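Here is a short report on side-chain contacts and strand pairing. Look at the sequence and the model before reading on.

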Amino acid sequence: MNPTKILWVDDEIHLLKPYIIYLEEKGYSLTSINSGQDAIDLCQTESFDIVFLDENMPGLSGLEVLQEIKELHPTLPVVMITKSEEEHIMEQAIGQKIADYLIKPVNPSQILLCLKKHIHQREIVEEHTNTNYRQEFSDITYMIDTASTIEEWMAIERTLTKWEIELDNVDSSMHTMLRMQREQANQQFAKFIAKNYEGWFAPNANRPTMSHDVMKQTVFPLLDAGEKVFVVVVDNFRYDQWKTIQPLLSEWFTVKEEQMYTSILPTATQYARNAIFSGLLPAQIQEMYPNLWIDEDEEESKNNNEEALIQTLLDRYRKRYNYSYYKVNESDFCERITRQFKGLQTPLNIVVINFIDMLSHSRTDSKMMRELANDEAAYRSLTLSWFKHSATAEMFKRIAALGYKVILTTDHGTTRVSNPVQIVGDKNTNTNLRYKVGKSLNCSGKNCMEITRPKQVGLPTPNVSSSYVFCSNDDFFAYPNNFNYYAQFYRNTFQHGGISLEEMLIPLITLDPK
């Protein structure tokens, strides 16, 4: 590897001989020059990794030289060195995007720290990240092998997500190990769900917070305490996507409480989101409000009745709160509803944002989107870019300015699938790739979970003999007819409806306005 090339510009360069010797002994290649104009000329013909620049020199000042160098090499880190501590000079230098600012007299350790910070930071961070993950690897494996409660699985999801995000930022050899560890976790989690899920619906069962509990357990107590609340439901919003946008939201909110809850099965909008807004399981909705439940085989949109379901929930619990409901499918509509917030006094406001769901579907259907979001790291990056540049960020900013608390959550997550499994069913079987409901379902996958008594877990039964079958791990269903075509088309797409940590353990965040 070639040595790091340093350009040091100072009209008293002869006084810097000890620094030059020190850095050369450390393996750096150092070019010293005592004129700003000469430095500019040199930068036109040679490339450097970093520049140390004296601020106060005869002829061109350090700030003038800085401007010229930045025009030639916008990304070249420049460290300003000066005797002056005047604030306006520091502000000018920072405004011209200096990498660092040192006050004379400097010592060798300061220079070395600058080099490590601006030249070697990536490899230092990478080394430390790899080392720290290797040290924690066996602890995570033990957590996965011994997890016996939903709280322990939530801790595993938090830990895996933390390492996935940290490793996003480094060129790490640990990516493969971490991916294998997540696969192992999802395999064990699927066994945990198969063993425990039906038992959660028994009378007086000790079960986790689930979709139909969210409003009752999280939103109602705030309203009853006199708080003004926005419930923002982002469709297909995974825990890792929440952690990705959290730093942006911190400009306007503090995180009062970060929880997870467990989505009901199927992890699909028709079931999970309707359960959130009604406070009921899907079978209860079908029984109590048959005009508000849309069966799988009906062509009508499965989430057209959300506003009416919210009203039924408020009525059943005798909550007389006025509320507003918005569904955002595109940016310009988000801008319009944000403008409507001016002077808002309604205590309960519910916003459904469908962008992540649209991103997931467009990624499946568009070759270009598949390339842009070819893995989980890219999926997180697209989520961050969307939030940063969309009207959604402005919406959150306006909500904070109005003094509203925010419950930020989702109906379910999504997972990347890669392994097709054959399934056979009758012609009325639904089209979702991660779960099927119908008669005489026959699945070839060894990781399928079947629910043969849907009513016991709060699921509707389109027919007397209907059952539900769920994929886990990275499996997805494909029919024997044209199996190879569909297997290829849907491989490495993000899907939902089944059993995985990413689909079922989802964020439930309480935000306080700053």
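Over which ring does the charged end of K5 sit? The ring is that of F48, and the charged end of K5 lies 5.4 Å from its centre. A charge sits over a ring if NZ of Lys or CZ of Arg is within 6 Å of the ring centre and within 35 degrees of the ring normal.

This is a predicted model, in which local features need pLDDT of at least 70 and side-chain atom pairs count only at pLDDT 80 or more, while totals for chains, interfaces and linings use all residues. Residues are numbered from 1 along each chain as its sequence is written, and side-chain values use heavy atoms, with hydrogens and water left out.

## Aromatic rings

The structure holds 27 aromatic pairs. Rings of Phe, Tyr and Trp (its six-membered ring) pair if their centres lie within 6.5 Å; planes under 30 degrees apart count as stacked, over 60 as edge-to-face and the rest as tilted. One of the pairs joins W8 and Y19: the ring centres are 5.7 Å apart and the planes stand at 50°, so this pair is tilted. The pair links distant parts of the chain, with W8 in strand β1 (residues 5-9) and Y19 in helix α1 (residues 17-25), 11 residues apart. Helices (H or I, at least four residues) and strands (E, at least two) are DSSP runs, numbered from the N terminus.

Both W8 and Y19 are buried. Buried means under 20% relative accessible area, exposed over 50%, and partly exposed in between (1.4 Å probe, protein chains only). Elsewhere, ring pairs link W153, F189, F192, Y197, W200 and F201 into a cluster.

## Salt bridges

A salt bridge is a side-chain nitrogen of Lys or Arg within 4 Å of a carboxyl oxygen of Asp or Glu. By this rule the structure has 23 salt bridges. Three of them are listed here with their closest N and O atoms.

| Acid | Base | N to O distance |
|---|---|---|
| D100 | K117 | 3.6 Å |
| E157 | R182 | 3.0 Å |
| D168 | R380 | 2.9 Å |

Take D100 and K117, which form a salt bridge. The two link distant parts of the chain: D100 is in strand β5 (residues 100-103) and K117 in helix α5 (residues 108-118), 17 residues apart. D100 counts as buried at 18% relative accessibility. K117 counts as partly exposed at 42%.

R182 and E157 form another salt bridge. This pair also links distant parts of the chain, with R182 in helix α8 (residues 175-196) and E157 in helix α7 (residues 150-168), 25 residues apart. R182 and E157 are both buried.

D168 and R380 meet in a salt bridge too. D168 lies in helix α7 and R380 in helix α17 (residues 376-389), so the pair ties together parts that are 212 residues apart in sequence. D168 is partly exposed, at 29% relative accessible area. R380 is buried, at 4%.

Salt bridges can also form a network: D235, R273, E306, K327 and D411 are linked in this way.

## Cysteines

How many disulfides does the structure hold? There is one disulfide, and it joins C443 to C448, with S to S at 2.2 Å. A disulfide is a pair of cysteine sulfur atoms within 2.5 Å. C448 is partly exposed, at 23% relative accessibility.

The sulfur of C471 lies 5.2 Å from the closest cysteine sulfur, in C448, which is too far for a bond. C471 is buried, at 1% relative accessibility.

## Helix α3 and strand β6

In helix α3 (residues 62-72), the buried residues are G62, L63, V65, L66, I69 and K70. They cover an arc of only 155° around the axis, so they are on the same side of α3. The arc is that of the directions from the helix axis to the C-beta atoms.

Strand β6 (residues 229-234) is mostly covered, with six of its six residues buried. In a regular strand the side chains alternate between the two faces of the sheet. From β6, V229, V231 and V233 point one way, and F230, V232 and V234 point the other way.

Which strands pair with β6? Strand β9 (residues 348-353) pairs with β6 in the parallel sense over six bridges. Strand β10 (residues 405-409) also runs parallel to β6, joined by five bridges. Two strands pair if DSSP finds at least two bridges between them. F230 stands opposite N349 in β9 and opposite V406 in β10.
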